[in-house]
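Subject: Structure for you to look at

Hello,

Here is the structure I promised to send over. Please open it next to this message; my notes follow below.

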Amino acid sequence: AQAEAQALQAKVAELTDQALRAQADAQNARRRADDEIAKIRKFAVESFAESLLPVIDSLEAGLKTDNATTEQLREGTEATLRQLLSALERHKVIEVAPAAGARFDPATQQAISVVPADQQPNTVVQVLQKGYTIADRVLRPALVTVTAPQ
């Protein structure tokens, strides 16, 4: 009986040791995962900020230009806007601007008002403010007027 008790104690000690090792491994894995997530967040923001630097350069260059004509200012602003939209697109930020007559989508659009119009019910009449999605998640819904349901 004593040999059996010693064998059981040895088995308990072995299992306890295995459990402690498994617990330590799990804690180490969790710590590594947390570190990895922190690095991913840091570098994602860094990459996004880096893609905006040319936009800042363009805006600063435009502000340094003396005696620019209205047309030059407009062209520079349009080029800078294209740069900004391209940088956002590279980071999966996509504008939501449904065309008039498009079906109202409550997932990406917010109806501000309902108006009578000569088009299908529950369709967009006008976009009051563009919306944006980021990686298929709504960042900001598009603000729209829609036709009344029948």
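Which residue in β5 does Tyr132 stand opposite? The partner of Tyr132 is Arg140 in β5. Please keep in mind that this is a predicted model.

**The β1, β4 and β5 strands**

Start with the pairing around that residue. β4 and β5 (residues 137-140) are antiparallel, with three bridges between them. They form a hairpin with two residues between the strands. In that hairpin, Ala135 has a positive phi near 50°.

β4 also pairs with β1. Four bridges join these two strands, again in the antiparallel sense. One point to find on screen is Val96, whose bridge partner in β4 is Gly131.

A salt bridge sits in this part of the chain as well. Glu95 pairs with Lys130, and their closest N and O atoms are 3.3 Å apart. This pair links distant parts of the chain. Glu95 belongs to strand β1 (residues 93-96), while Lys130 is in the loop between β3 and β4 (131-134), and 35 residues separate them. Both ends are partly exposed: Glu95 has a relative accessible area of 35%, and Lys130 comes to 37%.

**The three-stranded sheet**

Next, the open sheet. It has three strands in the order β2-β6-β3, and the pairing is mixed. β2 (109-115) and β3 (124-129) are the edge strands, each pairing on one side only. On average, neighbouring strands of this sheet are turned by 30° against each other, direction ignored.

β3 and β6 (residues 142-147) run antiparallel and are joined by four bridges. Val124 stands opposite Val146 of β6.

Look at Thr145 too. This residue lies in strand β6. Is Thr145 buried or exposed? Thr145 is buried, with a relative accessible area of 8%. Leaving out residues up to four places away in sequence, Thr145 touches Ser113, Thr123, Val124, Val125, Gln126 and Leu128.

**Helix α2**

Now the helix that covers residues 70-90. α2 has 21 residues, which should span 30 Å at 1.5 Å a residue. The end C-alpha atoms are 30 Å apart, so the two values agree.

Which residues of α2 are buried? Thr80, Ala87 and Leu88 are. Seen down the axis of α2, the buried residues fall within an arc of 95°, so they line one face of the helix. What covers them includes α1 and β1. On the other side of α2, the exposed residues are Glu71, Arg74, Arg82, Glu89 and Arg90.

Lys92 follows α2 and has a positive phi, near 65°.

**Salt bridges within helices**

The count of salt bridges comes to four. Side chains of opposite charge can pair when their charged atoms come close. Besides the Glu95 and Lys130 pair, two more deserve a look.

In α2, the side chains of Glu78 and Arg74 meet in a salt bridge at 3.2 Å, N to O. The two residues are four places apart in the helix, about one turn. Glu78 is partly exposed at 36% relative accessibility. Arg74 is exposed at 56%.

In α1, Asp17 forms a salt bridge with Arg21, with the closest N and O atoms 2.9 Å apart. How far apart are Asp17 and Arg21 in helix α1? They are four residues apart in α1 (residues 2-64), and therefore about one helical turn separates them. An α-helix has 3.6 residues a turn, so residues three or four places apart point the same way. Asp17 is partly exposed, with a relative accessible area of 35%. Arg21 is exposed, at 54%.

**Where to look**

If time is short, try three views. Take the hairpin of β4 and β5, with Ala135 at a positive phi. Then take Thr145, buried in the model. Finish with α2, viewed down the axis, where the buried residues line one face.

Best wishes

Notes: Residues numbered from 1 in each chain as written. Predicted model: local features only at pLDDT ≥ 70, side-chain atom pairs only at ≥ 80, totals over all residues. Heavy atoms only, no water. Pairing = 2+ DSSP bridges. Axes fitted to C-alpha atoms, helices over the stretch in contact; angles between N-to-C directions. Buried < 20%, exposed > 50% of the residue type's maximum accessible area, 1.4 Å probe, protein only. Contact = heavy atoms within 4.5 Å. Expected span 1.5 Å × (residues − 1). Arc of directions from axis to C-beta.
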